[in-house]
Amino acid sequence: MSEVTVRRESSARRDAPGARVLNLWQRCEHLPFGRAIFGMLFGAMVPYSGSIGASVLALQPGHARLALRDRRAVRNHLGSIHAVALTNLGELTSGLAMTTALPAGVRGIVLRIESEYGKKARGTLVAEARVTVPEVKGDMDHEVRADISDASGAVVATVRVHWRLGLVP
């Protein structure tokens, strides 16, 4: 193995997990159609993330705000946004907030997702999550909450994502 390869591998292990995502967001967010460009590129990095068609409105370490347009592809038979689409939106929002907050040398994986639905979800929705990562010295669990609101500001769903944090071996 060459010295350059070793340097790249050790550098990749030291970088914060969300550094690539944040860098991509910062390069795209102010471009014309930058949110759409970011969405396409992020979808290529994390294919399932594009399944509901949410768009990122704001992203910084420990904070994510996403929007989901109300359209037929995410509706249920009752004419509102499907419960699983809401859960996906909350998990994606939590994941972006958590991943961008993780320091170098720490990784996270989802253990459990809990969703509470307050009312029928209609119209464009906005999901928001904020997280402060505690000091990680070994495996530990940490909860991140994403609130999903409708245009009136009413919370239509709350998604709690339980993460297992640990040190990168």
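In the predicted model, helix α3 comprises 12 residues (34-45). At 1.5 Å a residue, a helix with this number of residues should span 16 Å, and the end C-alpha atoms of α3 are indeed 16 Å apart, so the expected and computed spans agree.

The two sides of α3 differ in their exposure. Gly34, Phe38, Phe42 and Gly43 are buried, each having under 20% relative accessible area. These four residues cover an arc of only 165 degrees around the helix axis, which means that they lie on the same side of α3. Met40 and Ala44, by contrast, are exposed on the other side of the helix, with relative accessible areas over 50%. The elements that cover the buried residues of α3 include two helices, α2 (19-28) and α4 (83-101), together with strand β1 (55-60).

Strand β1 also belongs to an open sheet of 6 strands. The strand order is β1-β2-β4-β5-β6-β3, and the pairing is antiparallel. The edges of the sheet are occupied by β1 and β3 (106-117). Each of these edge strands has a single partner strand, and therefore one side of each is left without a neighbour in the sheet. From one strand to the next, the twist averages 20 degrees. Strand β1 thus takes part in two of the arrangements described here, because it stands at an edge of the sheet and is among the elements covering the buried residues of α3.

Within the sheet, strands β5 (residues 140-149) and β6 (residues 155-167) run antiparallel and are joined by 10 bridges. One of the residues involved is Asp141, whose bridge partner in β6 is Arg164.

Key: Residues are numbered from 1 along each chain as its sequence is written. This is a predicted model: local features need pLDDT of at least 70, side-chain atom pairs count only at pLDDT 80 or more; totals for chains, interfaces and linings use all residues. Side-chain values use heavy atoms; hydrogens and water are left out. The expected span of a helix is 1.5 Å times one less than its number of residues. Buried means under 20% relative accessible area, exposed over 50%, partly exposed in between (1.4 Å probe, protein chains only). The arc is that of the directions from the helix axis to the C-beta atoms. Contact means heavy atoms within 4.5 Å. Two strands pair if DSSP finds at least two bridges between them. Axes are lines fitted to C-alpha atoms, for helices over the stretch in contact, and angles run from 0 to 180 degrees between N-to-C directions.
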